[in-house]
Structures are given as C-alpha cells and as structure tokens.
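Me: I have a model open and would like to know what the labels on it rest on. Please set each value against its cut-off.

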Amino acid sequence: MEQNSRTASRAGGAIIAFSILAGAVIGARQGQPSAGTLIGTAIGVVITLALYFYDRRRG
C-alpha cells in the first residue's frame with residue numbers, strides 16, 4: 001500500500017517497548033518491578049504521544 005503523506009512518520013512502538021523493559025529492570029533493582037514497569041510504560045506513552053503530535057504538526 002502506498003502512503004499519501006509527504007514525510008514518513010516515526011514509529012513509537014519500539015520506544016514504548018524499550019521503556020517498559022528499562023522500567024522493569026530499574027524497578028527490579030529497586031525491589032519494585034511492577035512499579036518500574038508502570039512508570040516505564042507511562043514514560044514511553046508520553047514520549048510516543050509527543051512524537052505523534054510533533055509529526056502531525058510537521059506534516
């Protein structure tokens with residue numbers, strides 16, 4: 001399928017996945033892997049939304 005946008009958008013799925021893993025690892029080192037996973041997820045979603053809105057404004 002062909003994309004109609006002039007510029008390619010950035011994918012945020014990898015950012016969310018890496019932030020979840022990083023949060024779980026950091027949380028496990030602190031003795032709270034569940035809290036780390038939730039915080040990592042929240043940070044990843046915020047970064048992904050920021051990229052999404054940046055791409056929308058750009059294109």
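Me: Where is Tyr52 found?

Reply: Tyr52 is found in helix α2, residues 33-58. Helices (H or I, at least four residues) and strands (E, at least two) are DSSP runs, numbered from the N terminus. This is a predicted model, in which local features need pLDDT of at least 70 and side-chain atom pairs count only at pLDDT 80 or more, while totals for chains, interfaces and linings use all residues. Residues are numbered from 1 along each chain as its sequence is written, and side-chain values use heavy atoms, with hydrogens and water left out.

Me: How many helices and strands does the chain have?

Reply: The chain has two helices and zero strands.

Me: What makes the span of α2 agree with its 26 residues?

Reply: The expected span of a helix is 1.5 Å times one less than its number of residues. For the 26 residues of α2 that gives 38 Å, and the end C-alpha atoms are 37 Å apart, so the two agree.

Me: Why is Tyr52 called partly exposed?

Reply: Buried means under 20% relative accessible area, exposed means over 50%, and partly exposed is in between (1.4 Å probe, protein chains only). Tyr52 has a relative accessible area of 44%, so it is partly exposed. In space, Tyr52 and Gly12 are 8.0 Å apart, C-alpha to C-alpha, with their positions 40 residues apart in sequence.

Me: Which aromatic pairs does a search of the whole structure find?

Reply: The search finds one aromatic pair. Tyr52 and Phe53 form it, and it is edge-to-face, with 5.3 Å centre to centre and 65 degrees between the planes. Rings of Phe, Tyr and Trp (its six-membered ring) pair if their centres lie within 6.5 Å; planes under 30 degrees apart count as stacked, over 60 as edge-to-face and the rest as tilted. Phe53 is in helix α2.

Me: Which residues form a nonpolar patch on the surface?

Reply: Val45, Leu49, Tyr52 and Phe53 form the patch, with about 380 Å² of accessible area together. Patches are made of residues with over 30% relative accessible area and no salt bridge; like charges are joined within 9 Å, and nonpolar side chains (Val, Leu, Ile, Met, Phe, Trp, Tyr) within 5 Å. A salt bridge is a side-chain nitrogen of Lys or Arg within 4 Å of a carboxyl oxygen of Asp or Glu.

Me: Which residues of α2 are buried?

Reply: They are Gly36, Gly40, Gly44, Thr48 and Asp55. These buried residues pack against α1 (13-30).

Me: Why is Gly36 called buried?

Reply: Its relative accessible area is 11%, so Gly36 falls under the cut-off for buried. Gly36 touches Gly23, Ala24 and Gly27, not counting residues up to four places away in sequence; contact means heavy atoms within 4.5 Å. The C-alpha atoms of Gly36 and Gly23 are separated by 4.4 Å, and the two are 13 residues apart along the chain.

Me: Why is Thr48 called buried?

Reply: Thr48 has a relative accessible area of 18%, which also is under the limit, so Thr48 is buried. Leaving out residues up to four places away in sequence, Thr48 touches Gly12, Ile15 and Ile16.

Me: What makes Ile43 partly exposed?

Reply: Ile43 has a relative accessible area of 46%, in between the two cut-offs, so it is partly exposed. Ile43 is in helix α2, and its C-alpha is 8.0 Å from that of Ile16, 27 residues apart in sequence.

Key. Areas by Shrake-Rupley, 256 points an atom, 1.4 Å probe, with all protein chains shown as cover.
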